[in-house]
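Me: I am new to this structure and would like a close look at a single part of it. Please take me through one strand and its surroundings, and explain each term as you come to it.

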Amino acid sequence: MRHASVLVLLAVSWAAPAGAQHASIGPAFVFADYREVSPDLRYEGVGPGVIAHFSFHSVSLEGGAAWLAMSPHGGLATSGFQAVQLDGWLRWKATDYLSLEAGLTHQAPDDEFAAQSFGAVRIGALTQHALGHGATIALRGDYLGGAHFSGGGEAPLAIELGLMVNWAFSSHVTALVDYAFQRLDRTTHPGGGPETDAPLEQSRGRMGLVIGF
Amino acid sequence: MRSVLGRSLLLMLVCWGPLAPRPGAAQTRTMLRQAQDAYDALDFSRAAVLARRALTERLSAADQTRAYELLGFSYSAIDSQIKAVDAFKQTILLDPDHQLDANKVSPKITSLFYSALGQVLVVRQLRVDSAKFVSGQGAVAIRFTVTSPARIRVRAVNANTSLAVDSAVGTGQYTVRWPAQLPSGGPVGAGTWLLIVDATAAQTTFSASQAVNVSYGAVDTLPHLTSLPGYQELPEIEYPPQSWRPLGLSFLLASGAAVGAYALNNGSLGSPPTRELAVAASAALITGLIMTLRKPAPRPAEANIRYNRLLHEQLSGRNAEIATENARRRQQVMLAIVPQRRETATR
């Protein structure tokens, strides 16, 4: 069934006029800040990433992956960790200025004792504006629902805020810079005891250059 | 000896006979000139006698006409009105288009001439205009005057066709239009056609005719339009005026992100991280500033595009009409009708 859906999507995409679809992919430089539980557990890191984008009429699909080397930044943490950050968005451009989006976010550190592995579904909206000469700016806000953590617990309040700037130098080359801020108010019940706050925040910047087809 | 003399006299008489002076053409013309001289010298009786004498000889039509006119003038001058009218009638019958110059001829003579005109049946001053028209959409005018009440019939005749153009009963000036069409509706054949006006009254019939050349030509077609007169296409791209909007938007959204990040920051985790936000906000502001300073990007002028589309539709419609009209015109014939030099009159 899933294969059939993919085939149908590919067939529709192939049959559509060239101007109706656009695909791009390119490398990115990612830098991030991660904090958990208290100001003393803070990490910063950088790493390579990749960005892919596909649009078909008013629907677009965007995905990003980053491999981050996180290091302690002040506080009590003594060792860093490697993390893989995966993000995906499915957007529908409702008007010239407003899009609705849904997607996934997932972070997987190699050392789950150093940081939480977590994932969530995002749903939200994005407002985009043309600045001229192929440049656009967008601000987005999402609710992160269904968050689950490797250390257990839940996050009834989990939100994400983003700022994106794109500049298409030509029909094939686009530079982009984006920022995402995630707040997850995680609570746990250690040992079946009372509810304990274990919040986490992540701030991520990304600079990339994508080639369009 | 006597017989020799008699034979000689007889021979002289035989030989003299043909050589005896007889009034020839030159003599007759001299007589006509003498009649004119007598008239000019106000010797009207002598002018009438000389003119009458000239008319007993063989004269050309023009000289005959002139002699009768001189006779009419002379009789008018000596108050022989009936004779004057008779003379003018002959003048008119010989030359139906004959006219008196009102500036040179006395009103008395002119009135007698018109009196004569009313007593004869002729078709005068038959004129056919030159015309050029699309077959079925025009006609050539035939003008003539009938001097007495008569039944009038106008015909167009060529080698093997005779077409009735018009008919009437009356007198006076007429203008008849000939569409140069066959009864089937098609154009008449190219070539020479004779337009004949018959006037019949009792036993008298007078006919006048005018030959015309009919030739075919192609009807001019209309050129296709590349633009509508008075209407010009408008530019479909326009440059918006330079403004601070890009920088303002960048500032607004970057501020929104910053304010949001600070507002959403969980205080229990310390102050919010600034490095990532600063990089993205700086990129947004720099981009906004560049876009503000650059010449604004062209954008489609929707109103102009709609106007041009409307203009193209109008142009296409007009050209389609022209194409239809040209297709119709290519099946038509342009007739050119030119009268030949002179009509003839017969009685």
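Reply: A:Trp167 stands opposite A:Ala175 in S9(A), and S8(A) and S9(A) pair in the antiparallel sense over 13 bridges. Strands here are DSSP runs of E of at least two residues, helices are runs of H or I of at least four, and both are numbered from the N terminus; two strands pair if DSSP finds at least two bridges between them. The model is a predicted one, in which local features need pLDDT of at least 70 and side-chain atom pairs count only at pLDDT 80 or more, while totals for chains, interfaces and linings use all residues. Residues are numbered from 1 along each chain as its sequence is written, and chains are lettered from A and ligands numbered from 1 in the order in which they are written.

A hairpin of 4 residues leads from S8(A) to S9(A). S9(A) also runs antiparallel to S11(A), to which 12 bridges join it, and in S11(A) the residue A:Ile211 is the bridge partner of A:Val173. A further pairing, again antiparallel, links S9(A) through 2 bridges to strand S10, residues 196-197 of chain A; there A:Thr188 stands opposite A:Thr196. As general background, side chains in a regular strand alternate between the two faces of the sheet.

Between S9 and S10 of chain A runs a loop, and A:Pro190 is found in it. A:Pro190 is exposed because 12 other C-beta atoms lie within 10 Å (a residue is exposed with 12 or fewer such atoms within 10 Å of its own, buried with 20 or more, and partly exposed in between, the C-beta atoms being placed from the backbone). Although A:Pro190 and A:Gly153 are 37 residues apart in sequence, their C-alpha atoms are 8.9 Å apart in space.

S9(A) also takes part in the contact between the chains, to which chain A gives 28 residues and chain B 29 residues (two residues are in contact if their C-beta atoms, placed from the backbone, lie within 7 Å). Several strands of chain A each supply at least two residues of the side that touches chain B, among them S8 (154-168), S9 (173-188) and S11 (200-212). The largest share of that side, 6 residues, comes from S9(A). The residues on the side of chain A that touches chain B divide into 15 nonpolar, 6 polar and 7 charged, where Ala, Val, Leu, Ile, Met, Phe, Trp, Tyr, Cys and Pro count as nonpolar, Asp, Glu, Lys and Arg as charged, and the others, Gly among them, as polar.

On the other side of this contact is chain B, whose secondary structure comes to 9 helices and 10 strands. Of its 347 residues, 25% are buried, and among the contacts in chain B with a separation of 6 or more, 68% are between residues 24 or more positions apart. In strand S3 of chain B, residues 140-157, lies B:Ala156, which counts as buried because it has 22 C-beta neighbours inside 10 Å. Leaving aside neighbours within four places in sequence, B:Ala156 is in contact with B:Leu163, B:Val165, B:Trp178, B:Trp193 and B:Leu195. B:Ala156 and B:Val197 are 41 residues apart in sequence, with 9.0 Å between their C-alpha atoms.
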